[in-house]
Amino acid sequence: MRHGSIPGARGRVRPLTLLGSPVLHEPCKDVTDFGPELASFVEDLFATMYAARGVGLAANQVGDSRRVFVFDCPDDDDVRHVGHVVNPRLVAADGVVVRGPEGCLSLPGLEAGTERYDHAVVEGRTVTGEPVTVHGTGFFARCLQHETDHLEGTVYADRLTGWRRRRLARQAARASWSR
């Protein structure tokens with residue numbers, strides 16, 4: 001039996017912010033208030049991520065400009081990583097560059113081969129303000145880089161070039177959610 005609460009169990013599902021919204025392209029602001037409202041917001045992020053069947057979600061993906069993201073993501077060894085980071089900073093992204101399929105809850109139903117490092121380290125705080133360091137490899141490293149990008153105002157589509165970028169732009173323009 002599991003001890004403690006399931007992340008998001010007390011949260012409410014918020015509407016997702018979709019590609020084209022200005023909040024996705026603006027750097028988020030550091031959190032300064034580590035009170036109960038932040039803990040409630042993190043619960044909402046988990047609830048929203050699970051409802052959308054994602055593996056990570058950044059605050060600006062629900063229209064909030066605070067530097068916070070949540071994750072429930074496996075690495076390449078199928079080890080599950082569940083947590084959150086407040087005021088995250090990507091302090092290492094290294095190793096082998098791998099082009100792999102990447103999607104985003106703000107571009108529902110779309111994905112493109114995106115280059116990411118296979119190792120990443122993020123430092124930040126918990127909802128109570130305690131320091132936290134998160135290490136990721138493989139798919140989880142991709143997730144950490146993707147979510148910190150969001151908080152810098154970058155979506156994975158911004159990292160694409162050439163035909164991959166053009167193809168994703170065409171798909172996004174034809175998507176039912178972009179109309």
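1. Start with Phe46, which is buried in this predicted model. Its relative accessible area is 3%, and anything under 20% counts as buried. Now look at Tyr50, which counts as partly exposed at 31% relative accessibility. Both residues belong to helix H1, which covers residues 36-51, and sitting four residues apart there puts about one helical turn between them.

2. Next, check the rings themselves. The structure holds three aromatic pairs. Phe46 and Tyr50 make up one of them, with 6.0 Å from centre to centre and 25 degrees between the planes. How is this pair arranged, stacked or edge-to-face? It is stacked, because planes under 30 degrees apart get that label.

3. Have a look at the phenylalanines further along too. Phe69 counts as buried at 0% relative accessibility, and Phe71 is buried as well, with a relative accessible area of 4%. The ring centres of Phe69 and Phe71 are 6.1 Å apart and the planes meet at 50 degrees, so this pair is tilted. Phe140 joins in as well: ring pairs link Phe69, Phe71 and Phe140 into a cluster.

4. Arg66 is a fun one to click on. Which residue does the side chain of Arg66 meet in a salt bridge? The partner is Asp64, at 2.9 Å from N to O. You might like to check the surroundings of these two charged residues: Asp64 is buried, and Arg66 is buried too. The charged end of Arg66 also sits over the ring of Phe41, 4.2 Å from the ring's centre.

5. Now for the strands. Strand S3 takes in residues 80-103 and strand S4 residues 111-125, and the two pair in the antiparallel sense over 13 bridges. If you want one bridge to find on screen, try Val97, whose partner in S4 is Tyr117.

6. There is a side-chain contact between S3 and S4 as well. Arg99 and Glu115 form a salt bridge, and their closest N and O atoms are 2.9 Å apart. Because Arg99 lies in S3 and Glu115 in S4, the pair ties together parts that are 16 residues apart in sequence. Arg99 is partly exposed, with a relative accessible area of 45%, and Glu115 also counts as partly exposed at 45%.

7. Keep following S4 and you reach strand S5, residues 131-137. S4 and S5 pair in the antiparallel sense over seven bridges. Val121 is a handy place to look, since its bridge partner in S5 is His135. How many residues lie between the two strands of this hairpin? There are five, and Gly129 in the turn has a positive phi of about 95 degrees.

8. Last stop: the salt bridges again. A search of the whole structure finds 13 of them. In one, the side chains of Glu102 and Arg142 meet at 2.7 Å, N to O. This pair links distant parts of the chain, with Glu102 in strand S3 and Arg142 in helix H2 (residues 138-152), 40 residues apart. Are Glu102 and Arg142 buried or exposed? Both are buried.

9. Don't stop at that pair, though. Glu102 and Arg142 are part of a network of salt bridges that also takes in Arg116, Asp149 and Arg159. Try showing the five side chains together and tracing the links from Glu102.

Conventions
Residues numbered from 1 in each chain as written. Predicted model: local features only at pLDDT ≥ 70, side-chain atom pairs only at ≥ 80, totals over all residues. Heavy atoms only, no water. Pairing = 2+ DSSP bridges. Salt bridge = Lys/Arg side-chain N within 4 Å of Asp/Glu carboxyl O. Buried < 20%, exposed > 50% of the residue type's maximum accessible area, 1.4 Å probe, protein only. Phe/Tyr/Trp six-rings, centres within 6.5 Å; stacked < 30°, edge-to-face > 60°. Lys NZ or Arg CZ within 6 Å of the ring centre and 35° of its normal.
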